[in-house]
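Please open the model in your viewer and keep the sequence panel beside it, so that residues can be selected by number as the tour moves from stop to stop.

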Amino acid sequence: MPIDAAKALAADPRLGDIGWDHKDIQLYHLGLGAGRPATDPDELRYTLESKLHVLPSFATVAGAGMAMMGGLAAPGIDINLAHVLHGGQSIELHRPIPVKGRATSTARVAALYDKGKAAVVVLRTEVADADGPLWTSDAQIFVRGEGGFGGERGPSVREELPERAPDRVEERHIREDQALLYRLSGDWNPLHADPEFAKTAGFDQPILHGLCSYGMTLKAVVDRALGGDVSRVRAYRTRFAGIVFPGETLRIRMWQEPVRVLVSVTAVERDDAPVLADTVVEHA
């Protein structure tokens, strides 16, 4: 059986040491489109080392690739990576991420859900440094054709958006070369760079990384709804609802609530096709 849930859930966690400094942070922010206009004081917080703060979604690329690929190679999981889709992502911040750090990453399979014709693997990564926990990250990985192993279907979390108009609407253009820059933070999947590879996957051209849209969205929320203060973010979750191409524009709608912001993200040029759904930023 490709998935042995009991074996995967009982497997020892994978430990690793990770480190980062201001160059990693700046490269990640630039990959999200930060620095436009280049001399804007608000943008310098993302690009200039003397003023730098860390967007919490950096957690998804720190120690890039180890958690996801390590989790999918865990005992009890034998799957074809061509059938893998990133279904959702969440992070919980225990305190602000420092500009420079070294930490220990602990990755494990936290849950396995049987959707019938597919499986959902929840890969959890907990990161701590010498001062204690920094963040917990969950990646929900959708694996086509690997259901039917007899597990629970799992939760179905949907966020109902308010019927009123959004409090803010932001449009963020994706540069033609943005996926090429973003992948330097660690996601080297040729789907995001190689036109021929993209065609074999059924796309007319390379697509943008879902986690790039995820980071761009959080930046828009921090900039426009949280006064530019990254330390206010407590948690952030989304479901990847569709693709977006370099050169397109994200339309980011925000509904402000007392301790959270509800968000909808669509692709402007394709009649507001869904990109991110069930998206929530919890904040102080």
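Does His 192 count as buried or exposed? His 192 counts as buried, because its relative accessibility is 8%, and the cut-off for that class is under 20%. Bear in mind from this first stop onward that the model is a predicted one.

**Stop 1: around His 192**

With His 192 selected, trace the backbone to either side, and you will find the residue in the loop between α5 (178-182) and α6 (195-200). Now display its surroundings: leaving aside neighbours within four places in sequence, His 192 is in contact with Ala 179, Leu 180 and Asp 187, and also with Pro 206, Ile 207, Leu 208 and His 209.

**Stop 2: strand β2 and its partners**

Select strand β2, residues 84-93, together with strand β5, residues 132-144; the two pair in the antiparallel sense over 9 bridges. To find one of these positions, pick Ile 91, whose bridge partner in β5 is Ser 137. Then add strand β7, residues 233-240, which runs antiparallel to β2 and is joined to it by 5 bridges. Here Gly 88 is a useful place to centre the view, since its bridge partner in β7 is Arg 239. While the strands are on screen, it may help to recall that in a regular strand the side chains alternate between the two faces of the sheet.

**Stop 3: Ala 59**

Keep Ile 91 displayed and select Ala 59, which is found in the loop between α3 (41-47) and α4 (66-72). Ala 59 is buried, with a relative accessible area of 6%. Not counting residues up to four places away in sequence, Ala 59 touches Ile 91, Ile 97 and Trp 135. If you also label Arg 95, the C-alpha to C-alpha distance from Ala 59 comes to 12 Å, for two residues that are 36 apart in sequence.

**Stop 4: the aromatic pairs**

Trp 135, one of the residues touched by Ala 59, leads to the next selection. The count for the model comes to 6 aromatic pairs. In one of them, the rings of Trp 20 and Trp 135 have their centres 5.8 Å apart and their planes at 50°, so the pair is tilted. Trp 20 lies in strand β1 (residues 14-20) and Trp 135 in strand β5, so this pair ties together parts that are 115 residues apart in sequence. Both residues can be checked for accessibility: Trp 20 is buried at a relative accessible area of 4%, and Trp 135 is buried at 1%.

Next, select Tyr 28 and Tyr 182, whose ring centres are 6.1 Å apart and whose planes meet at 55°, so this pair is tilted. The pair links distant parts of the chain, with Tyr 28 in helix α2 (residues 22-31) and Tyr 182 in helix α5, 154 residues apart. Tyr 28 and Tyr 182 are buried. Adding Phe 58 to the four residues already shown completes a wider selection, as ring pairs link Trp 20, Tyr 28, Phe 58, Trp 135 and Tyr 182 into a cluster.

For a different kind of ring contact, go to Tyr 46, where the charged end of Lys 219 sits over the ring, 4.6 Å from its centre.

**Stop 5: the salt bridges**

Side chains of opposite charge can pair when their charged atoms come close. How many salt bridges does a search of the whole structure find? It finds 21.

Begin with Arg 260 and Glu 159, which form a salt bridge whose closest N and O atoms are 3.3 Å apart. Arg 260 lies in strand β9 (residues 260-267) and Glu 159 in the loop between β5 and β6 (168-173), so the pair ties together parts that are 101 residues apart in sequence. Arg 260 is partly exposed, with a relative accessible area of 23%, whereas Glu 159 is buried, at 18%.

Move on to Arg 253 and Asp 272, whose side chains meet in a salt bridge at 3.1 Å, N to O. This pair also links distant parts of the chain: Arg 253 is in strand β8 (residues 249-256) and Asp 272 in the loop between β9 and β10 (273-283), 19 residues apart. Asp 272 counts as partly exposed, at 25% relative accessibility. As a last selection, show Glu 159, Arg 237, Glu 257, Arg 260 and Glu 282 together, which salt bridges that share partners join into one network.

Key: Residues are numbered from 1 along each chain as its sequence is written. This is a predicted model: local features need pLDDT of at least 70, side-chain atom pairs count only at pLDDT 80 or more; totals for chains, interfaces and linings use all residues. Side-chain values use heavy atoms; hydrogens and water are left out. Two strands pair if DSSP finds at least two bridges between them. Helices (H or I, at least four residues) and strands (E, at least two) are DSSP runs, numbered from the N terminus. Buried means under 20% relative accessible area, exposed over 50%, partly exposed in between (1.4 Å probe, protein chains only). Contact means heavy atoms within 4.5 Å. A salt bridge is a side-chain nitrogen of Lys or Arg within 4 Å of a carboxyl oxygen of Asp or Glu. Rings of Phe, Tyr and Trp (its six-membered ring) pair if their centres lie within 6.5 Å; planes under 30 degrees apart count as stacked, over 60 as edge-to-face and the rest as tilted. A charge sits over a ring if NZ of Lys or CZ of Arg is within 6 Å of the ring centre and within 35 degrees of the ring normal.
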